[in-house]
Amino acid sequence: IADHQRPMAIAGVMGGEESAVSDQTRDVVLEAATFDGVNIRATSRALRLRTEASSRFEKKLSPELALAGARRAAQLLADLAGGRVHRGWPDVYPRPQEPVRVHLRPEKVDAVLGVHVPLEESEAILRRLDFQVRDADGAWDVLPPVFRLDVAIPEDVAEEVGRIYGVEKVPATLPGARRSVIRPWAPSPDRRLDPLRSAFNAGGYSETVTPALVAGRRLEALGVAGRAFRVINPVSEDMDTLRTTLLPSLLEAAALNRRRGRDPVALFETARAFLSKGDDQQPDEPWRLGAVATAEGTSDAGRAAFLHLKSTLDRAAHGLSLPPLEYVRGQAPLFHPGRCAELRIGGRWVGHAGELHPLALGEFDLEGRAAGCEVDLEALLAAARERQVRELPRFPAVDRDLNVVVGEGVEAAALIATIDASTPLLESVRAFDEYRGEQVGEGQKSVAFALTFRSPERTLTDLEVDAAMRELRDRLESEHRARFRA
């Protein structure tokens, strides 16, 4: 708003110094106006200036109130400051407000509220609220007051009656019950992730829902802003970018829980990430599983958190009827180098898991260590197998344990692959313990495996199992330079 020489105010937001009232002011010119709510909100946000005026004008005020507001202000100046009101009132009103008429039948009020309100009382309530009500062949033609811009449809009129008649008189019923039609509850048709959620809940993880908007500067600091999609009208600086990964949101939630005195924290979420494709196209929206578990600051605590997460992922994969997850040494942003594993199914990448990088934890003021994972759910579900029923084994199994000592760089997955391929009598193999210490020597580790042997045709003898054990020992020695502990 300006005069013929200079600006006087920011319309609908803030007045200027030139138009302010001081102790020397003797004459006051009042200007009352209404503004477009969308424009005022955009101006307020662009200038980062939120005022009493902008908070009202951005919600849209009736233009019919401008003259009434100016007259009331002039009266108060005259009464309280001893002034004299000028008689001339120029009024510029280029687009007068169109009156809104709502046509409804009186029984519509009862249908919306779910309770009977006497006809005479409904009409009296509306008239007390300055609504004009005219009967038109058994229906109502309702004209709301000019300042009630929020009333435009029959349901709005019914709401006005209900709030005056008394919300406490409306019975508490389930949706649909007011029409005597109660539909039975039915679960969502997409329950494919129920086994995954059950596995994580059983592992001590709490499911959470975090905002899809995060701080772009934080993604840049973490090195994961490469395909970030920034929004045009952010709510705040901390919510100006769609997340490219779920882990920052989970780490922020973990930090919040830590500040509230909860420790350790274990959280997981299934949600969408957003990856920009450029050229003003809609971003890709991969469906992800993210999980974070905090631990104490020791190396053993971080390792234990990862192993617990790994066992939870394995249980989830089993519940989803997936082939066994393969853990291959890998590298990814946010993960500690050398402590990150690629997750694969049948040789195809599905995600990452491991210990999170200390710099990523420091970005959220998280002390100690943390394990985390991020998995592509669509790839995971695509690998699910159809469940098949098979007969229970007719012959007993023979269980053996094997302690294998190998170099620190030999992965347990490689040992399992060698053991699994050594003999057709082996039904299953599982690593259940790992040891490092004086008894195995520096740079060495001992991995303990539980082996199950079974034949579908006969009961195995000790001699057959001993021969199979010798065979797999020989392969471990030749392929991995393994030795064995008693």
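The lining of the second largest pocket has 23 nonpolar, 8 polar and 9 charged residues. This pocket belongs to a predicted model. Its volume is about 1500 Å³. The largest pocket holds about 2300 Å³ of space, and its lining has 19 nonpolar, 9 polar and 20 charged residues.

**Second largest pocket**

- The second largest pocket is lined by 40 residues.
- Nearest its centre lie Leu30, Glu31, Ala32, Ala70 and Trp89.

**Largest pocket**

- The largest pocket has a volume of about 2300 Å³, and 48 residues line it.
- Closest to the centre of the largest pocket are Lys310, Asp314, Tyr327, Ala412 and Ile416.
- Two or more lining residues come from each of helix 10 (299-319), strand 12 (326-329), strand 13 (335-345), helix 13, strand 17 and strand 18.
- Helix 10 gives the largest share of this lining, with 12 residues.

**Helix 13**

- Helix 13 covers residues 412-420, and its buried residues are Leu415, Thr418 and Ile419.
- Viewed down the axis of helix 13, these buried residues fall within an arc of 100 degrees, so they line one face of the helix.
- The buried residues of helix 13 pack against three strands and a helix: strand 16 (398-407), strand 17 (426-435), strand 18 (444-453) and helix 14 (462-480).
- Helix 13, strand 17 and strand 18 also appear among the elements that give two or more residues to the lining of the largest pocket.

**Strand pairing**

- Strand 4 (residues 132-136) and strand 5 (residues 139-143) run antiparallel, joined by 5 bridges.
- Valine 133 has valine 142 in strand 5 as its bridge partner.
- The hairpin of strand 4 and strand 5 has 2 residues between the strands. In this hairpin, aspartate 137 takes a positive phi near 55 degrees.
- Elsewhere, an open sheet of 3 strands has the order 7-9-8, with antiparallel pairing.
- Strand 7 (213-214) and strand 8 (229-230) are the edge strands of that sheet, each pairing on one side only.
- Strand 8 pairs with strand 9 (residues 241-242) over 2 bridges, in the antiparallel sense.
- Arginine 230 stands opposite threonine 241 in strand 9.

**A buried serine**

- Serine 122 sits in helix 5 (residues 119-128).
- Its relative accessible area is 3%, so serine 122 counts as buried, the cut-off being under 20%.
- Beyond its neighbours within four places in sequence, serine 122 is in contact with Val109, Val117, Trp140 and Val161.

**Backbone exceptions**

- Most residues other than glycine have a negative phi, and most peptide bonds are trans. The cases below depart from that pattern in this model.
- Lysine 60 is not a glycine, yet its phi is positive, at about 75 degrees. This lysine 60 lies in the loop between helix 2 (52-57) and helix 3 (65-81). With 57% relative accessibility, lysine 60 counts as exposed.
- Aspartate 365 is not a glycine either, and has a positive phi of about 55 degrees. The loop between helix 11 (358-363) and strand 15 (369-376) contains aspartate 365. Its relative accessible area is 69%, so aspartate 365 is exposed, the cut-off being over 50%.
- From aspartate 263 to proline 264 the peptide bond is cis, with omega near 0 degrees. Proline 264 lies in the loop between helix 9 (247-259) and strand 10 (266-272).

Terms used
Residues numbered from 1 in each chain as written. Predicted model: local features only at pLDDT ≥ 70, side-chain atom pairs only at ≥ 80, totals over all residues. Heavy atoms only, no water. Buried < 20%, exposed > 50% of the residue type's maximum accessible area, 1.4 Å probe, protein only. Helix = DSSP H or I, 4+ residues; strand = E, 2+ residues; numbered from the N terminus. Arc of directions from axis to C-beta. Contact = heavy atoms within 4.5 Å. 1 Å grid on protein atoms, 1.4 Å probe; cavity = no way out; pocket = protein on both sides within 12 Å on 5 of 7 lines; lining within 4 Å. Points joined across faces, edges and corners; volume = space filled by probe spheres on them. Nonpolar A, V, L, I, M, F, W, Y, C, P; charged D, E, K, R; others polar. Pairing = 2+ DSSP bridges.
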